[in-house]
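Colleague: Please take a close look at the strand pairing in this model for me, and then follow the chain out to whatever packs around it. I'd be glad of the cut-offs as you go.

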Amino acid sequence: MNRLLLLSASMFLVASSAMAQSTPPASSVPNAAAWDQPFLPPAPEWNGASKSLLRDASDPWVTPFEADPAHDFSPTYADTRAWFDRLDAASDLIRIEQFGVSPEGRPIYAVIASKDGATLDPAKPLVLAQAGIHPGEIDGKDAGMMLLRDIAFYGKDGLLDRVNLILIPILSVDGHERSGPYSRPNQRGPRIQGWRNTATNQNLNRDFLKLDQPEMRALMGLIHKYEPDLYIDIHVTDGMDYQYDVTFGFNGEDGAFTRSPAVSAWLNDRYKPTLNAALEAQGHIPGELVFGIDDRDPKKGLGDGGLGERFSNGWGSAAHIPTVLIENHSLKPHEQRVLGTYVLLEHALTLLATEGPAVRAAITADRALRPAELPANFTSDETPTSTRPFKGILYETYDSPSSGRTELRWLGKPDPELWQMPFYGSHPTLTLKRPEAYWVPSYRTDIIERLRLHNIAMETLDAPRTVPVEMLRLDGARPAARPNEGHVGFTLTGVTPERRDWVFPAGSVRVPTDQPMGDIAILLLEPQSSESFFAWGLFPEVLSRVEYIEGYAVAPIADRMLAADPALKAEFEAKLAADPAFAADGDARLGWFYERTPFYDQRYRLYPVAREVN
């Protein structure tokens with residue numbers, strides 16, 4: 001253990017406690033009685049075998065979660081770090097590694113469990129489990145504390161014989177400390193919960209591709225440093241009630257689209273059935289990760305929630321890293337969810353002890369893929385693609401005087417009849433072709449930095465170079481109606497390719513797509529991609545036109561153009577006939593000619609990232 005790191009972390013924890021926000025008691029808030037009484041649906045009774053994993057409050061290594069009589073508590077950032085520091089000091093199997101700093105200055109750290117000492121053996125499979133990307137959904141932290149304790153002191157050290165584990169107990173550390181009893185009204189426990197977004201009001205689980213936030217940049221650094229063989233992202237659901245307590249999913253499940261077919265086959269064939277069996281053996285009810293398509297009609301159908309690379313599972317598919325999104329059910333008690341998470345974490349270590357070669361073979365196969373075309377911009381199907389059995393919860397409806405309509409009331413009782421639910425998958429609305437490479441100009445250092453954080457290989461020019469490229473003229477650019485994650489995004493109706501010999505200055509980079517992270521580069525740099533830097537609003541400058549021409553100057557030029565070019569005249573007359581509004585607008589008519597003169601801004605709507613051509 002690094003004693004200097006421990007000292008600096010301890011000093012921060014004192015300050016951190018003072019920074020944590022307090023929440024006024026319900027009794028001091030007007031109309032508190034309306035929400036200070038139970039309002040969530042009742043939870044079905046549960047007494048699973050995994051309760052035997054809990055240790056008594058008298059145990060010297062009891063976790064704060066276990067010490068709470070109701071098992072409805074999760075410790076603060078400071079108390080969590082102090083507990084792990086004590087575990088680190090007491091066990092040679094545990095060490096703590098800081099890998100980032102939050103916007104409010106809190107260390108972001110991982111807890112590494114291994115028998116390898118200071119350096120992990122790359123021959124061993126590695127599981128990376130992440131909790132607290134949404135800090136109110138903190139089951140993974142409390143489960144991870146229990147499992148690491150049991151590995152260190154209670155006979156489960158054999159789990160580390162052939163596998164290593166990295167646990168991130170809290171990724172969004174600032175959001176974790178914006179805590180109180182009113183953070184997640186749809187979730188049953190813990191009774192004090194963190195806040196969904198960060199100190200800069202960003203949702204980290206929308207930042208896997210654009211990498212705006214320091215927390216996500218730090219996470220990418222950790223991932224590419226250690227290259228996990230299985231990445232588990234632990235959340236808690238919102239939405240409808242059902243019987244399942246642990247749901248999970250991944251891109252490519254049950255034949256859905258995936259950018260990593262070999263990895264998805266391993267997850268489908270080996271990970272999924274063995275995890276289901278492990279959870280069921282401990283009294284849990286595992287299920288596939290699905291989302292109701294209509295909050296007011298539970299039986300209307302289910303969807304997959306989308307396959308976008310801004311989420312962990314979508315990013316993992318594009319990066320060829322086996323990634324599983326865990327969504328414990330929000331209406332189950334915190335205790336039940338935490339114990340289910342313990343089971344799935346232990347299962348991951350047990351499975352990779354024997355499946356390490358198989359999963360690595362799958363990763364290697366997918367990293368070698370170079371598809372000529374990439375489906376992108378997925379949207380939900382309009383008609384169901386299948387019907388799925390579903391373990392539902394009984395419900396009724398009632399007339400609400402406040403909403404003035406019929407509302408849904410879940411009854412907390414399992415429906416003895418399986419629901420047969422229409423399932424709506426997703427389909428792509430865009431196909432991207434794979435170029436040899438992209439060229440990014442040197443002045444876009446921010447874009448180059450983000451690409452490097454993704455571990456994308458590139459060549460940097462040490463002198464200017466003239467390159468034959470295909471530039472893209474952006475057509476029909478339209479800003480979003482409202483901001484999203486700190487950006488005003490843009491959509492396009494299309495792009496018009498233009499061949500150019502373009503001079504790229506020193507410091508510009510060539511980004512080849514013939515590399516394992518090539519799919520990530522394409523999704524980020526093709527402007528029509530909904531996950532691209534352009535779509536997130538990072539290239540607004542190309543949509544600003546510079547210089548203009550007065551009517552008295554352009555009108556005589558336009559008249560000469562009409563007289564000198566019969567083809568242009570025919571094109572203009574066809575435009576007049578097809579567009580009456582254009583025909584009636586003198587400024588628009590003159591603007592049409594201006595765009596066809598050398599005076600017009602030739603870089604207006606010209607996307608500065610180029611495709612390489614031969």
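Modeller: Happy to; two strands count as paired if DSSP finds at least two bridges between them. Strands (E, at least two residues) and helices (H or I, at least four) are DSSP runs numbered from the N terminus. Please bear in mind that this is a predicted model, in which local features need pLDDT of at least 70 and side-chain atom pairs count only at pLDDT 80 or more, while totals for chains, interfaces and linings use all residues. Residues are numbered from 1 along each chain as its sequence is written, and side-chain values use heavy atoms, with hydrogens and water left out.

Let's begin with the mixed sheet. Four strands make up this open sheet, in the order E8-E9-E15-E12, and their pairing is mixed. Strand E8 (291-292) and strand E12 (386-390) each have a single partner strand, so one side of each has no neighbour in the sheet. Inside the sheet, strand E9 (residues 302-303) and strand E15 (residues 419-424) run parallel and are joined by two bridges. Leucine 302 has phenylalanine 423 in E15 as its bridge partner.

Further along the chain is asparagine 313, which belongs to helix H8 (residues 312-319). Its relative accessibility is 11%, so asparagine 313 counts as buried (under 20% relative accessible area; exposed is over 50%, partly exposed in between, with a 1.4 Å probe and protein chains only). Its side chain makes a polar contact, at 3.0 Å, with the side chain of asparagine 251. Such a contact is a pair of N or O atoms within 3.5 Å; within protein, one must be able to donate a hydrogen and the other to accept it, and residues adjacent in sequence count only if both atoms are side-chain atoms. Apart from neighbours within four places in sequence, asparagine 313 is in contact (heavy atoms within 4.5 Å) with Asn251, Gly306, Thr323 and Leu325.

Now for the antiparallel sheet. Six strands form this open sheet, ordered E18-E23-E17-E24-E19-E22, with antiparallel pairing. Strand E18 (459-460) and strand E22 (494-504) are the edge strands, each pairing on one side only. Two bridges hold E18 and strand E23 (residues 509-512) together in the antiparallel sense, and glutamate 459 faces arginine 510 in E23.

A helix packs here too: helix H11 (residues 518-525) lies across strand E17 (437-440), E23 and strand E24 (606-612), and runs at about 50° to E17. For that angle, axes are lines fitted to C-alpha atoms, for helices over the stretch in contact, and angles run from 0 to 180 degrees between N-to-C directions.

Finally, there is a helical stretch that precedes E24 in the numbering. Helix H15 (residues 586-594) has Trp592, Phe593 and Tyr594 as its buried residues. Among the elements covering those residues are helix H12 (551-564), helix H13 (566-578) and helix H14 (580-583). At the N-terminal end of H15, aspartate 585 acts as the cap, with a side-chain oxygen 3.1 Å from the backbone nitrogen of aspartate 587.
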